[in-house]
Amino acid sequence: MMKRSSHRQKQIGFNIHAFSFTAVMLLLVVINIFKGPPYWVLWVLLGWAVGLLSHWWFVLGPGIKNSESR
């Protein structure tokens, strides 16, 4: 049986995810700029941004209503 997380715990989890996303993407952008074309970092950015958006949507955003009804 899973323990329900408080809103504060969910917010902390999302903040950690967003901080990790920002830090890693900055590092990858710098690496990709120094390596030059092709700019593969855009694919990483797109994929991870979808994951971050999904995290927000289902944990803090409008999708929380649907996920709580289960």
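Visitor: What makes up the secondary structure of the protein chain, in helices and strands?
Guide: In this predicted model, the protein chain has three helices and zero strands, and reading along the sequence gives the pattern α-α-α.

Visitor: How do you know that the protein chain is more spread out than a compact globule?
Guide: The globule rule gives 11 Å for 70 residues, whereas the radius of gyration of the protein chain is 16 Å, well over that value, so the chain is more spread out than a compact globule. The box filled by the C-alpha atoms, taken along the principal axes, is roughly 50 × 20 × 20 Å. Ser 6 and Lys 35, which are 29 residues apart along the chain, have C-alpha atoms separated by 43 Å.

Visitor: Why is Ser 6 called partly exposed?
Guide: Buried means under 20% relative accessible area and exposed means over 50%, with partly exposed in between; Ser 6 has 35% relative accessibility, and therefore counts as partly exposed. Ser 6 has its place in the segment before H1.

Visitor: What makes Trp 40 partly exposed, and where does this residue lie?
Guide: The relative accessible area of Trp 40 is 32%, which falls between the cut-offs of 20% and 50%, so the residue is partly exposed. Trp 40 lies in the loop between helix H1 (7-35) and helix H2 (41-59).

Visitor: Why can Trp 40 be part of a nonpolar surface patch, and which residues make that patch?
Guide: Patch residues need over 30% relative accessible area, and Trp 40, at 32%, passes that cut-off, so its partly exposed state is consistent with patch membership. The patch, of about 320 Å², is made by Leu 27, Ile 31, Trp 40 and Val 44. As for the protein chain as a whole, it exposes about 5700 Å², of which carbon and sulfur atoms supply 72%.

Visitor: Which residues form the largest nonpolar core, and what do the helices give to it?
Guide: The largest nonpolar core has seven residues, namely Phe 14, Phe 21, Met 25, Leu 28, Val 41, Leu 52 and Leu 60. H1 and H2 each supply at least two residues of this core, and H1 gives the most, with four residues. Of the 70 residues of the protein chain, 19% count as buried.

Visitor: What is Leu 60 in contact with, leaving aside its neighbours within four places in sequence?
Guide: Leu 60 is then in contact with His 7, Lys 10, Gln 11, Phe 14 and His 55. For the protein chain, residues 24 or more positions apart account for 57% of the contacts with a separation of 6 or more.

Terms used
Residues numbered from 1 in each chain as written. Predicted model: local features only at pLDDT ≥ 70, side-chain atom pairs only at ≥ 80, totals over all residues. Heavy atoms only, no water. Patch = residues over 30% accessible without salt bridge, like charges linked within 9 Å, V, L, I, M, F, W, Y side chains within 5 Å. Areas by Shrake-Rupley, 256 points an atom, 1.4 Å probe, with all protein chains shown as cover. Salt bridge = Lys/Arg side-chain N within 4 Å of Asp/Glu carboxyl O. Buried < 20%, exposed > 50% of the residue type's maximum accessible area, 1.4 Å probe, protein only. Rg over C-alpha atoms; globule rule 2.2 N^0.38 Å. Contact = heavy atoms within 4.5 Å. Core = buried A, V, L, I, M, F, W, Y, C linked by side-chain atoms within 4.5 Å.
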